[in-house]
Amino acid sequence: MNKRIKGISALLSGLFILFLSCSKDSGSGPKPPEPGEFDKTAMLTHYADNIIIPAYQQMQEDLGGLQQAVNAFADAPSEATQDAAKVAYTKAHLQYEKIEVYNFGPAGAAFLDLYTNFSGGLDYSFTQDGELTGFSVDSVTIENNIASGAYDLTEYSRSSFYAQGFPALSYLMISPGAIEKFSVNTANRVQYVKDVAGRLKFLVDKVVNDWGSYRATFIGNTKTDVGSPIGNLVNQFAYQMDMLKGPRIGWPFGKQSNGIVFETKSEGYYAGIGSQLAQANINSLKNAYTGSGNKKSVAGYLISLGKESLNNDVLAQFDVVAAKLDAIPDPLAESFLTEGNKIEDAYKEIQKLLTLLKTDVPSATGVQITFMDNDGD
Amino acid sequence: MISILNRINLFKPVPISPLVTFRIAFGLLMFASLIRFWWRGWIGELYLKPSFHFTYLGFEWVKPLEGNGMYILYAAIIVAALFIMLGLFYRVATVTFFLGFTYAELIDATTYLNHYYFISLVSFLLIWVPANRKRSLDVMLKIAKPAEFVPSWTIGIIRFQMAVVYIFAGLAKLNYDWLIEAQPMRIWLPAKSHLPVIGGLLYKTWIAYFFSWFGAIYDLFIVFFLLNKKTRVVAYVFVIIFHGATAILFPAIGMFPYVMIACTLIFFPGRKQFGLPSAPVENFVVRKRIFTALAVYVTIQLLVPIRFLAYPGHLFWHEQGYRFSWRVMLMEKAGAAYFTVKEKETGRRFEVNNSEFLTPLQEKMMSTQPDMIVKYARYLAEIFAKRGVINPEVTGEIYVTLNGERSRLFIDSTVNLASQKVGWQNYQWVLPYKK
């Protein structure tokens, strides 16, 4: 018995010493920095207190302004009230791009992205006939809702998503002939547009409110599995890039459809601000990645793991994509038809950034992307 | 032949109790894990939700059962697991379990896990061994004759199976990334810093080396210490510590640690029995048949994990010969795959939206495994042909990252994948691995 056990321990300690000496002697080449301890709780606290909650609060404020402008327009539709509403709308929609990446926790539970700015989902392609896809507006459902006066905006269905939120508001207020349409069935139309604006406000109020209690859950969970705050953040980077490559730019541009452009399915179509929205989106994504230029961020975490060059490349690629999107003039829908080269340029760079955020970054941080059991890729 | 038979002594009567313990532990564990699988909604998620399945070569006929079929199948194998545990209608239960479980696993290769394969093999072995001859309802109800002794091969073959799992898992760890770079442990451990007490330590590089080396040594040698009477108990403590640690550190690995903790019980022999063994005495013909069957089984088990040697290049990169080889938790790999369908005559181009056809799990698995890439490309060609594309060509721009290296182009993006075949041949269009 003793002999055996001595044998085992001798073998184990021998091998142990062997690898210790190996790892010390091999220090001639450039060694990655010893990963120091990284304070994930501090990172999450920074995200919650300095970035996410303030962004939702700003959204809340902007929607307050939008609601006022919408009500003023609905009560007295004119070019003047329309212009004011358009300004408030643009401000709020741009702010929405800054919170979209945080679509988890309270926002996820409220289906905020579906009810405010429905993209059609990544699993619906632009080639299927007769289906509403992308950032479409379901004007038929909207007009039916107005005509009947009977609708339930809390309904969880694609046609419901397509009949409310920012796209529906822009259709009701700033699409061609929007003012004139208020002369028919006025009361119902006024009610509907106010309801849509009210629901936007209600949802964001709820999310802001829920973050009050969710904050503790968020900063208290430093796991990296699916559904964890860090997992959610890293997965959202890839998801938002998929959205940019798909519904925002690539698909309406005709990437799935042999170049057949679906310009009406572009984001912010009636407001003509698609390019601005895409720029706001990528900038906010970069802001989320860098924690507004703070070490307490996913970027900082990568650096602490010795992945500085990956981090540098991601940052550089963010800037390249932002510049390419900047070069695309609004209205985006028109640029899809007239500025094909610029869109193509941006699309290529988006795909590069997507690859980094979908493979290199999750792999480096050990973040899981599926719920299933996994015995190691 | 006769001398070999005598020397290995496959038919020496040995106490039955290891087999009985194994049967009960295995049945109970399968019962629990299948209920867990059902309860988590994975039957729907893995078998019913996907519109396309990545079948195995030669098993293309295996399809998810229609309607409630998959639920009925799972109900059947859950009951079978329970019956195995109780030792009731043992032969029928083991056959049902083996066929049902294996059928479900063969539906989609993206759901492959080593321990599912292990469960299939073990349940196959259980069909042939008399694990119901003691402490079973079969004995109580006089369906089976009681026995205190069984031929030693019935326990030996299960021990052999355990040894194959451990030793090949250990051999697989003897590679540069694992031993010298401590990868992927260096990626995975800092992601677990939330754990109490040890959390902070997991950022340390030396801890990653310690886990890597300890894991390799454990896998390579644990079986020998389990076989040895004098070290067995200590070794089993190590089994519990090792698999307990993996369960805590890597909960996503699922039931694997528990399966191994339960199954290593087979190494404990039964208490010495008094009196004469009344083991079944097979005649020479039966013995020869058993010997041949065991030899075939053993040979297959030894050859399958080394078939990768027949392929050139870096195994972890091209994954030809990777599955069914006990390579568990060996690498961190992720990919992004962009496919384009082209119509040559007209030049029409359609970019593919993978989310339209695949679940996130399928997409993740497909993006890094060549055989799945081909299967998917051929499926895409079919779909786009139906959508009116004449002679669709499918190309893929695929980027893969392995063990924290930067992502690189994985396959030749000019090759028409739809014209490639899935098979044993080397996939020439997989680009060579570069560090």
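The exercises below work through a predicted two-chain model, each with a solution that goes step by step.

Residues are numbered from 1 along each chain as its sequence is written, while chains are lettered from A and ligands numbered from 1 in the order in which they are written. Because the model is predicted, local features need pLDDT of at least 70 and side-chain atom pairs count only at pLDDT 80 or more, whereas totals for chains, interfaces and linings use all residues.

**Exercise 1. Determine how the span of helix H3 of chain A relates to the expected one, and which helices its buried residues pack against.**

Step 1. Helices (H or I, at least four residues) and strands (E, at least two) are DSSP runs, numbered from the N terminus. Helix H3(A), residues 79–99, has 21 residues.

Step 2. The expected span is 1.5 Å times one less than the number of residues, and the 30 Å from the first C-alpha of H3(A) to its last is close to the expected 30 Å.

Step 3. A residue is buried if 20 or more other C-beta atoms lie within 10 Å of its own, exposed if 12 or fewer, and partly exposed in between, with C-beta atoms placed from the backbone. Among the buried residues of H3(A) are Ala85(A), Ala88(A), Tyr89(A), Ala92(A), His93(A) and Tyr96(A).

Step 4. The buried residues of H3(A) pack against helices H2 (40–75), H5 (112–116), H8 (165–174) and H11 (274–290) of chain A.

**Exercise 2. Work out the strand order of the sheet that holds E3 of chain B, and identify the helices that pack on it.**

Step 1. Two strands pair if DSSP finds at least two bridges between them. Strand E3(B), residues 333–343, pairs with E5(B), residues 392–402, in the antiparallel sense over eleven bridges, and Val341(B) stands opposite Val394(B) in E5(B).

Step 2. Four bridges join E3(B) to the antiparallel strand E4(B), residues 348–351, where Arg348(B) is the bridge partner of Glu343(B). These two strands form a hairpin with four residues between them, and Gly347(B) in its turn has a positive phi of about 80 degrees.

Step 3. The result is an open sheet of four strands in the order E4-E3-E5-E6 (chain B), with antiparallel pairing. Its edge strands are E4 and E6 (408–409) of chain B, each of which pairs on one side only.

Step 4. Helix H15 of chain A, residues 340–365, packs on the sheet by touching E3 and E5 of chain B, and its direction makes about 150 degrees with that of E3(B). Helix H18 of chain B, residues 370–386, lies across E3, E4 and E5 of chain B, at about 145 degrees to E5(B). Axes are lines fitted to C-alpha atoms, for helices over the stretch in contact, and angles run from 0 to 180 degrees between N-to-C directions.

Step 5. Eight of the eleven residues of E3(B) are buried, so this strand is largely enclosed by the rest of the structure.

**Exercise 3. Establish which elements of chain A give two or more residues to the side that touches chain B.**

Step 1. Residues are in contact if their C-beta atoms, placed from the backbone, lie within 7 Å, and 49 residues of chain A are in contact with 51 residues of chain B.

Step 2. The elements that give two or more residues to this side of chain A are helix H1 (2–25) and H15 of chain A, and the largest share, ten residues, comes from H15(A).

**Exercise 4. Locate the cis peptide bond between Gln183(B) and Pro184(B), and describe the backbone and burial of Ala182(B).**

Step 1. The peptide bond from Gln183(B) to Pro184(B) is cis, with omega near 5 degrees, and Pro184(B) is found in the loop between helices H9 (176–179) and H10 (185–188) of chain B.

Step 2. Ala182(B), in the loop between H9 and H10 of chain B, has a positive phi of about 55 degrees although it is not a glycine.

Step 3. Ala182(B) is buried, because 22 other C-beta atoms lie within 10 Å.
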